[in-house]
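Me: I'd love a close look at one part of this model. Could you pick a helix, walk me through its surroundings, and then point out any unusual backbone spots elsewhere?

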Amino acid sequence: MREEAGVKHSAQPEAVFFDLDGTLVDSAPDMVEAMRRLRVEQGESADGAESIGMVVSKGGRAMIRRGFPAADEARVKALLPRFLDLYARAIAVHATLFPGMGDVLAGLEDRGIPWGIVTNKPGALARSLLAALRLDTRCAALVTGDCLPLKKPDPAPILRACEIAGVAAAAGIYVGDDLRDIEAGRAAGMRTIAAGWGYLDGENPHAWGADCVIESPAGLLAALGLD
């Protein structure tokens, strides 16, 4: 693998796996809209919902905490199902692949390299989003947050995706925009790429211990040794 700063190039992967929200798909706008609706339902102003955009990769509870900063954990738990319901009703109004990611997926497919998704997003939401974006039939493996007892940063979901795709973890690469993505990939014995274009919320992806950090999808094929 080649780092943007210039590390030795290594063999191309047999499969590439992506985190979903913030890595493969820019899904934040639809979640922000769901938060606006939830705040209005709760008697709050819709203003401020945009602040959840940078914590989308950290999950629903993190978004509730950001959208309702005064809420205690009991209220966060109570609000979460309604937030997810509002999001599910309009899951792909604005969602789209990140710019350049379509070329990355096409490049992998042209070379016969399977790609998959490992996400902590609930399965029903992930499948609905992928179907709306017409990615569901192209994806070689999908492991969601409710497929297994353990979620990322545990390596189990990534190892399961490898089983589905029929590749060894050491022969694959995992791409993600959150520390737990990199922790999960490394624990699985997989090479990792930190997505510098993701929902970082001020975090420094260079500090996560990934094999490399790529600032935009346009650099992915080169980093994968496929340029």
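Reply: Happy to; here is a walk around one helix, followed by a few backbone details. Please keep in mind that this is a predicted model.

Let's start with helix α1, which covers residues 28–41. Its axis comes within 9 Å of the axis of helix α3 (residues 73–89), and the two cross at roughly 125 degrees. That angle makes α1 oblique to α3, and the crossing is right-handed. On the α1 side, the residues that meet α3 are Asp 30, Met 31, Ala 34, Met 35, Arg 37, Leu 38 and Glu 41. Their partners in α3 are Leu 79, Arg 82, Phe 83, Leu 86 and Tyr 87.

Arg 39 also belongs to α1, and it deserves a pause. This arginine is buried yet has no salt bridge. Glu 44 is the nearest side chain of opposite charge, 4.0 Å away. Leaving aside residues up to four places away in sequence, Arg 39 touches Glu 44, Ser 45, Ala 46, Asp 47, Ala 49, Gly 67 and Phe 68.

Now for the backbone. Most peptide bonds are trans, and most residues other than glycine have a negative phi. Lys 152 and Pro 153, however, are joined by a cis peptide bond with omega about 20 degrees; Pro 153 sits in the loop between β5 and α6. Arg 134, in the loop between α5 and β5, has a positive phi of about 55 degrees. Its relative accessible area is 70%, so Arg 134 is exposed. Asp 201 has a positive phi too, near 50 degrees. Asp 201 lies in the loop between β7 and β8 and, at 29% relative accessibility, counts as partly exposed.

Key: Residues are numbered from 1 along each chain as its sequence is written. This is a predicted model: local features need pLDDT of at least 70, side-chain atom pairs count only at pLDDT 80 or more; totals for chains, interfaces and linings use all residues. Side-chain values use heavy atoms; hydrogens and water are left out. Helices (H or I, at least four residues) and strands (E, at least two) are DSSP runs, numbered from the N terminus. Buried means under 20% relative accessible area, exposed over 50%, partly exposed in between (1.4 Å probe, protein chains only). Lys and Arg count as positive and Asp and Glu as negative; His and the chain ends are not counted. Contact means heavy atoms within 4.5 Å. Axes are lines fitted to C-alpha atoms, for helices over the stretch in contact, and angles run from 0 to 180 degrees between N-to-C directions. Angles under 35 degrees count as roughly parallel, over 145 as roughly antiparallel, 65 to 115 as roughly perpendicular and the rest as oblique. A crossing is left-handed if the near helix is turned anticlockwise from the far one by less than a right angle, and right-handed if clockwise.
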